[in-house]
Amino acid sequence: MLTMSRFVFESIETKNVYLWNSLINGYVKNHDFDEALVLFHEMGRRSVVPDDYTLATISKVCGEVQDLGFGKLVHGKSIRIGFVSDIVVGNSVMAMYSRCGMFVDAMKVFDEMPHRNVGSFNVIISGCAALGDCNPTSGDDLWKFFVRMLSEGFKPDAFTIASLLPMCCAGKWDYGRELHCYLVKNGLGLKMGSDVHVGSSLIDMYSRNNKVFLSRRVFDQMESRNIYVWTALVNGYVQNGAPEYALILLRDMQMFDGIRPNKVSLVSVLPACSTLAGLIGGKQIHAFSIKMELSNDISLCNALIDMYAKCGSLDYARLVFENDSRIKDAISWSSMISAYGLHGRGEEAVIMYYKMLDQGIKPDIITVVGILSACSKSGLVDEGIGIYNSLMAKYEMKPTIEICACVVDLLGRSGKLDQALEFINEMPLDPGPSVWGSLLSASITHGNSMTRDLAYRRLLELEPENPSNYISLSNTYASYTRWDVVAEVRTEMKERGLRKVPGCSWITISGKTHSFLVADKAHPSSSLIYEMLEDLVSIMIGEVSADIDVLT
DNA sequence: TCTAAAGTAT
């Protein structure tokens, strides 16, 4: 179609600005931004003066390709030609600055606009939301900006609400339901026009607030769904601990809507396979990605490495890392380091870590957590501490609470509880539950009642509503037959109305899933299972010379 | 002509 347009365009001798605009627009619609820019230059060479339509479109293109330099030139041209007071040109210029990471300049344009429309506010709101913080004007927050929009008589539309929804996160903004309400009352999106943008934003908002049943309700109410909507719900189920529903949904999107999962859908669903420890499901996703010719995609490979490692197959994880992912980023290396750590192969994790540095890839916080926990699990205390110190010195990395918890775990696990406590006292951040939790489990392992009781005290202060802390405390005293303390703790829990959902583990054999609670004897093969467990424990504590045949 | 959506690594 576009080549036809081009043919007609070339055949006309005197081309006015409208002709140029429509051809440029054609390329933009086809995402051929480079060709649109080439045409704009050509237009300039032929001394055709751009109008408001041209400038708005080209500004957008500069934003899309993140060419700030040229974007500024277009902004200047708009000022010279006198279109800068045009609302759409102004909005477009703001969007360009915002997409090029110059939010402050976008705000400046906004402040200087003589006239605005809803879109002007929307550009600022979405740009600000993309930054992840709420600071459109100094001292003002995004909500105040939204209130300003209302007070100036502008009516929020579906764009406005869809940009505000991602800011509604537990602990940040609690306006999610109100915004949803506004949409319903004003007939924006959903049932009326089945707006897939609004729908996927709502689904995502409810999922992030741990209300996936509300995500589902939004999903069911929609009249039509696209891949964004389906994937948002798949991800919602994965993030909310319902991996089986995520897998069902992946099938349904193809069966009912004929929508093929893309790379984002597959990356979203892979952690579901890990949670279910379903190597077969994970392999099916892998096979599907090969069919879709996505198997060399970096983010998909990273998700596959993680899935294989968590499903127990270090070999497959390594194969994907070595053969499939041709380009490797920090996530690829971090995933592989964590994979070795997870399998108790600390030395190999350390080798990977140094290889990563050799490749010139900068470790991030996730890498550090991965390598430190790998060292910890394998008892490589000196290596771990060495890496920690070099990172803080060489890379000027600031320790996070997670990294500190890893260091405490590293020292504590190997019995250096005094050093761990010293580290906690000297760490630059307030030690949180994860830090005290690490000290606690190390203290229990090594039988140090002093650090243990200190950790319990801190944990109960920090999270008086977390039932796990009380259960752990009760179990500890039960092991000393201090039933008086146990009763006291249980009473405290009851008074606070706390209940702990018992943990369980499961395994799927030939399509049948067997699940087990603590001290569970309900399984028909229970006695056989416990016999095997005893054998395994004997091997681990070295009473029996390790004979691998016993295990296979 | 401008403005909006889904993802992976502790």
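**Core, DNA surface and repeats in a predicted model**

Met-336 touches Ile-305, Leu-314, Ala-317, Arg-318, Phe-321 and Met-352, leaving aside residues up to four places away in sequence. The model is a predicted one, and Met-336 is a good place to enter it. Together with Leu-439, Met-336 has the most contacts inside the largest nonpolar core, a set of 156 residues.

Leu-439 leads on to another part of the chain. Among the residues touched by Ile-424 is Leu-439, along with Val-408, Pro-431, Val-435 and Trp-436, again not counting residues up to four places away in sequence. Ile-424 is found in helix H25, which covers residues 417-426. With a relative accessible area of 3%, Ile-424 falls under the 20% limit and therefore counts as buried. Between the C-alpha atoms of Ile-424 and Met-336 there is a separation of 29 Å, and the two residues are 88 positions apart along the chain.

Stepping back to the whole of chain A, the secondary structure consists of 30 helices and two strands. The C-alpha trace spans about 95 × 50 × 50 Å along its principal axes. Chain A has 552 residues, of which 43% count as buried. Among contacts in chain A with a separation of 6 or more, 56% join residues 24 or more positions apart.

The surface near DNA strand B comes next. A total of 43 residues surround the strand, and Asn-91, Asn-122, Asn-262, Ser-299 and Lys-310 come nearest. Sorted by class, this surface holds 21 polar, 13 nonpolar and nine charged residues. Helix H4, residues 52-64, gives the most to the surface, with five residues. On the DNA side, 40% of the strand B atoms within 4 Å of the protein belong to sugar or phosphate, and the rest belong to bases.

Individual side chains show both kinds of partner. Asn-122, one of the residues that come nearest to the strand, has a side-chain N or O atom 2.9 Å from a base oxygen of DNA strand B. A base nitrogen of the strand lies 3.4 Å from a polar side-chain atom of Asp-364. For Ser-268, the partner is a sugar or linking oxygen of DNA strand B, at 3.3 Å from an N or O atom in the side chain.

The sequence record adds another view of the chain. An unreviewed UniProt entry carries the annotation "repeat: PPR" for residues 16-50, 86-120, 226-261 and 329-363. In the model, residues 86-120 are 74% helix and 0% strand, with the end C-alpha atoms 11 Å apart. Residues 226-261 are 78% helix and 0% strand, and here the end C-alpha atoms lie 10 Å apart.

Two loop residues deserve a closer look at their backbone. Most residues other than glycine have a negative phi. Gln-66, although not a glycine, has a positive phi of about 50 degrees. Gln-66 sits in the loop between H4 and helix H5, the latter covering 68-81. Because its relative accessibility is 52%, Gln-66 counts as exposed. Thr-481 likewise is not a glycine and has a positive phi of about 50 degrees. The place of Thr-481 is the loop between helix H28 (467-479) and helix H29 (483-495). Thr-481 has a relative accessible area of 52%, so this residue is exposed too.

Note on methods
Residues numbered from 1 in each chain as written. Chains lettered and ligands numbered in written order. Predicted model: local features only at pLDDT ≥ 70, side-chain atom pairs only at ≥ 80, totals over all residues. Heavy atoms only, no water. Near = heavy atom within 4 Å. Polar contact = N/O pair within 3.5 Å; in protein donor to acceptor, adjacent residues only side chain to side chain. Helix = DSSP H or I, 4+ residues; strand = E, 2+ residues; numbered from the N terminus. Nonpolar A, V, L, I, M, F, W, Y, C, P; charged D, E, K, R; others polar. UniProt positions renumbered as here; feature names shortened; annotations may be inferred. Buried < 20%, exposed > 50% of the residue type's maximum accessible area, 1.4 Å probe, protein only. Core = buried A, V, L, I, M, F, W, Y, C linked by side-chain atoms within 4.5 Å. Contact = heavy atoms within 4.5 Å.
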